[in-house]
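Colleague: Could you take a close look at one part of this model for me? I'd like the long version, please.

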Amino acid sequence: MSEKKAPGSVSKLLNASWLRPFVLLVMIVVGWDLAIRIFNIPAYQIPAPGDVVKVLYTDWPELLAQSGPTTYATLLGFLASAVFGIPIAMLIAGSRTVESYVYPLLVFSQSIPKVAIAPLFVVWFGFGIVPKIIAAFLLGFFPVVVSAVQGFKSVDPDMVDLARAMKGSRFRVFCAVNLPHALPAIFSGLKVSVTLAVVGAVVGEFVGSNSGIGYVLQRSIGTFDLPTMFAALVILALLGVILFWLVDRIERFAIPWHVSQRADVFVGS
Amino acid sequence: MTAAMRTMSVDQPSAHLRVVSEQSAPSTTSGINLSGVSKTYGTGDGKVPSLRPLDFHINDGEFFVVVGPSGCGKSTLLKMISGLLPPTTGEIHVDGNKVTEPHGDVGIVFQNALLLPWRNIINNVLMPIDMKNLPRADYMDRAKQLLKMVGLEGFEKKLPWQLSGGMQQRASICRALVHDPKIMMMDEPFGALDAMTREKMNVELSRIQRTTGKTILLITHSIPEAVFLADKVLVMTERPGGIAAIYDVPLGRERTLDAMANPIFIDLVARIRKHFMTNSALD
Ligand SMILES: Nc1ncnc2c1ncn2[C@@H]1O[C@H](COP(=O)(O)OP(=O)(O)OP(=O)(O)O)[C@@H](O)[C@H]1O
Ligand SMILES: [Mg+2]
């Protein structure tokens, strides 16, 4: 598509950082298509990219409608992980006692496969949105806690001492020093969390739902409708990317002073 | 009683007073007083004795400098006097009040500038005002004036990472001064500065102390710096730290870098150095 342009503007276009993932994506899709042609892979094993694009085009309204409930469950589950995860991390980082009671249990609970217990939520809460939100929450929660604990704990004790010596109240010191210091770590946890929340919501839809992209996936696997299944996967990936990008935007806005954002300033300009 | 300690004349440099604890009969209502203050850290693998019981007194308006080997408990001492760390034994009084928590009327400078990376320089300097919940507007002029004094005019809106290490440290000194505290505590404040800036800061700090009459407790590794700045120098022993000696520095109140050529200065530096030669190296 860019062959027609002058070489100077082509290389300039290729250097635009937002374009690079798309270039890679195009290369992967071309590789995918070539592999199918060269190795003669039958369509019931891997569909050709063209077929997937066709489904994406013809079933777009349906896919869009189905991604609504998935997005909704993902967002609510993600918000719940942030709302519960950050205060719990504050408690864990702030008190040795809380840490010794809660943290090991939290780690332990992480080794329980969520897919295995997801049907339980359906039994408890029915076929509605609640089991999906819980599944999204359970997957998104842990990374927030782990990162936030690390963030709260890594504050320089001398810095806290300095603020305390200014006779600031505990709350004031926390807001002025500990919380901003932990924000970069919290955001990196939130970014992992939001992509895992998508997975959680889909798991919830897998085990008991009649709407959402997870349900589309489930149904198309049942009927060996591979192009639809791949189209659903593309939608999920898009959803993950968009949500990740949103959190990234908020991060830039919230911590413009951080090293990671600084580096960006220089690369960008 | 402190007048008695300052009686030696300039041509008797060898008569610097060696003050032992009992002699510093403290005034109980002014200055900083330590009686029997010791510190033992309890860590996972047993107890770490860091300071032997100390008794000394810092008068109001005195420039008090502590020198000692690395790890002898100087920073610990400073944190205890600031009320950030409780002593294991003994009591600390500031102006007659027992120290049990941070008392607020101090400005602290650590070896690292410790500026908040998300605040610009002027907001960092104003941090004590925010912590005390005082009106910022009342202190804005003072903050700008302080920044000008240390040569940081025009950097108010910059973020800390845009400044060199020495500039950051100068900003942190402004932060310690902005609320006009009665006491300044400085833990190796100039360690990160180059030699030239360091000398300039020494002269400036000396001037600040002479003009404002603040009580300053300063910790340093540099013996010449200690003697140049101090009214009194406390020399500490190896860990667990105790008092090796307290020297008066009869160099007068107005000091320029010429004071470093004064025989008293040279003699005192040599004497203090001897404390560390006989034990192990300083730092
Ligand atoms: N939080 C702590 N827990 C346990 N031990 C500590 C702690 N802080 C300091 N110590 C111990 O107390 C001793 C004195 O430490 P301190 O930091 O006061 O030394 P210092 O004289 O300031 O040394 P330096 O000149 O290197 O800064 C050290 O031996 C150190 O091991
Ligand atoms: Mg120290």
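Colleague: Let's do helix 7 (residues 195-212) of chain B: what should its 18 residues span at 1.5 Å a residue, and how far apart are its end C-alpha atoms?

Modeller: Sure, bearing in mind that this is a predicted model. At 1.5 Å a residue, helix 7 of chain B should span 26 Å, and its end C-alpha atoms sit 25 Å apart, so the two agree. Just past the helix, B:Gly213 has a positive phi of about 65°.

Now for what is tucked away. The buried residues in helix 7 of chain B are B:Thr197, B:Arg198, B:Met201, B:Asn202, B:Glu204, B:Leu205, B:Ser206, B:Ile208, B:Gln209 and B:Arg210. A general point helps in reading that list: an α-helix has 3.6 residues a turn, so residues three or four places apart point the same way. As for partners, those buried residues pack against strands 3 (63-67), 7 (183-187) and 8 (215-220) of chain B, and also against helices 5 (137-149), 6 (165-177) and 8 (223-229) of that chain.

For context, here's the contact with chain A. Chain B brings 24 residues to it and chain A brings 20. Together they bury about 2,100 Å², with 69% of that on carbon and sulfur atoms. On the chain B side, B:Trp118, B:Met131 and B:Trp161 supply 34% of the area that chain B buries there, more than any other three residues. There are 3 salt bridges between the chains, including one that joins the side chains of B:Lys79 and A:Asp161 (3.9 Å, N to O).

Conventions:
Residues are numbered from 1 along each chain as its sequence is written. Chains are lettered from A and ligands numbered from 1 in the order in which they are written. This is a predicted model: local features need pLDDT of at least 70, side-chain atom pairs count only at pLDDT 80 or more; totals for chains, interfaces and linings use all residues. Side-chain values use heavy atoms; hydrogens and water are left out. Contact means heavy atoms within 4.5 Å. Buried area is the accessible area (1.4 Å probe) that two parts lose on being put together, summed over both. A salt bridge is a side-chain nitrogen of Lys or Arg within 4 Å of a carboxyl oxygen of Asp or Glu. Helices (H or I, at least four residues) and strands (E, at least two) are DSSP runs, numbered from the N terminus. The expected span of a helix is 1.5 Å times one less than its number of residues. Buried means under 20% relative accessible area, exposed over 50%, partly exposed in between (1.4 Å probe, protein chains only).
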